[in-house]
Amino acid sequence: MDIELERMITANISLDIFAILVTCVPIGYLLINRRYQKKINLYFLGVALSNIFMIIGDIFDWSIQTSTEPWQKVCVNIGGAVFYTASAFVLYFFARYITEYLRLSGRVKKICLYSVVFVCAVQIFFAVISPFTGWIFYASDEGYQRGSLFIISQLVPLFCYLLFTVLIILYHKQLKKREIVFFLLYIFVPLGGGAAQMFTRGIAVVNIGVAFALLFILVNIQFEHEVAIQEQEMEIARREKELAEQRIDIMLSQIQPHFLYNSLGAIAQLCKKDPQTAIEAIQEFSSFL
């Protein structure tokens, strides 16, 4: 192994480890106070966790440059399968996240999600069987190698990211400029890095780019989104409290005349039968009012 290749491998592994650390920031935030219990946060957590598994698979690839031993080939195959499977889950969870963020519903939401699920299922299928068929990747004595159907692993994310871009364009009026910028950043960083790595195996910028894009979305979009949701929930709670108080006031206004009428009627009867008891009743009634 020449010095230049060794330096490139060291740089890529270091970038991957740093990308894992960066991705742990949004994961930690979502786990604190169980923020992941909200549906949109759960999808964001799914993106972050899948991204970590994808990076781990990439580390396997860069760590084993020669696989002359059977165990080395097994590690390369496991790493490749994990990488491509996890990348499909990244796309799936981001599709759920962005459709939830844009509040899509009905036919549009179904078409988008069904399309993403289908293409991601195709990638997962080929990722799982590639260690046996070598279609997307395979392990040779020189380590990880791209298979004859490697293009599938590039067309699937290309389709998904183009779909996400179309959604952002169609629903841009629902988004602020800052939200559009960071969503597009998350989309085009992997596209650009993937296109570069498709033709050459140099410095891997995709994983670290995605990690930072996730962090930017968390800081610039997710925080603000959660604050807006909290304000909406507080406003709804305030209105519900006001409505409950109004209902109580209406009920009291209906009850009090009946109570007053019944009390006066009872005192009138006591005045005829037992004047002393009537006096005591009037005193208690006066203290109540």
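This is a dialogue on reading aromatic pairs, a buried serine and a surface patch in a predicted model.

Colleague: How is a pair of aromatic rings described?

Modeller: A pair of aromatic rings is described by the distance of the centres and the angle of the planes. In this predicted model, the count comes to 18 aromatic pairs. Take Y92 and F93: their ring centres are 5.2 Å apart and their planes stand at 65 degrees, so this pair is edge-to-face. The cut-off behind that label is a plane angle over 60 degrees.

Colleague: Is Y92 buried or exposed?

Modeller: Neither label fits, because Y92 has a relative accessible area of 24%, which makes this residue partly exposed. Buried would require a value under 20%.

Colleague: What is the geometry of the pair Y161 and Y186?

Modeller: The centres of these two rings, Y161 and Y186, lie 6.4 Å apart, and the planes meet at 70 degrees, so this pair is edge-to-face.

Colleague: Which parts of the chain does the pair of Y161 and Y186 tie together?

Modeller: Y161 belongs to helix 5 (residues 151–170) and Y186 to helix 6 (residues 177–199), so the pair ties together parts that are 25 residues apart in sequence. Y161 is buried, with a relative accessible area of 6%. Y186 is buried as well, at 0%.

Colleague: Which residues do ring pairs link into a cluster?

Modeller: The cluster consists of F44, F94, Y97, Y101, Y161, F164, F183 and Y186, linked by ring pairs. Y161 and Y186, the pair just described, are among them.

Colleague: Now a polar residue. Where does S153 lie, and is S153 buried or exposed?

Modeller: S153 lies in helix 5. Its relative accessibility is 4%, so S153 counts as buried.

Colleague: What does the side chain of S153 reach?

Modeller: The S153 side chain reaches the backbone oxygen of F150 at 2.6 Å. There is also a polar contact between the side chains of S153 and Q154, at 3.2 Å. Leaving aside residues up to four places away in sequence, S153 touches Y84, Q123 and I136.

Colleague: And the surface: which residues form a nonpolar patch?

Modeller: I151, L155, L158 and L162 form such a patch on the surface, and together they have about 330 Å² of accessible area. One of these residues, I151, is found in helix 5. At 37% relative accessibility, I151 counts as partly exposed.

Colleague: To recap helix 5, what should I keep in mind?

Modeller: Keep three residues in mind: Y161 is buried, S153 is buried, and I151 is partly exposed.

Methods:
Residues numbered from 1 in each chain as written. Predicted model: local features only at pLDDT ≥ 70, side-chain atom pairs only at ≥ 80, totals over all residues. Heavy atoms only, no water. Phe/Tyr/Trp six-rings, centres within 6.5 Å; stacked < 30°, edge-to-face > 60°. Buried < 20%, exposed > 50% of the residue type's maximum accessible area, 1.4 Å probe, protein only. Helix = DSSP H or I, 4+ residues; strand = E, 2+ residues; numbered from the N terminus. Polar contact = N/O pair within 3.5 Å; in protein donor to acceptor, adjacent residues only side chain to side chain. Contact = heavy atoms within 4.5 Å. Patch = residues over 30% accessible without salt bridge, like charges linked within 9 Å, V, L, I, M, F, W, Y side chains within 5 Å. Areas by Shrake-Rupley, 256 points an atom, 1.4 Å probe, with all protein chains shown as cover. Salt bridge = Lys/Arg side-chain N within 4 Å of Asp/Glu carboxyl O.
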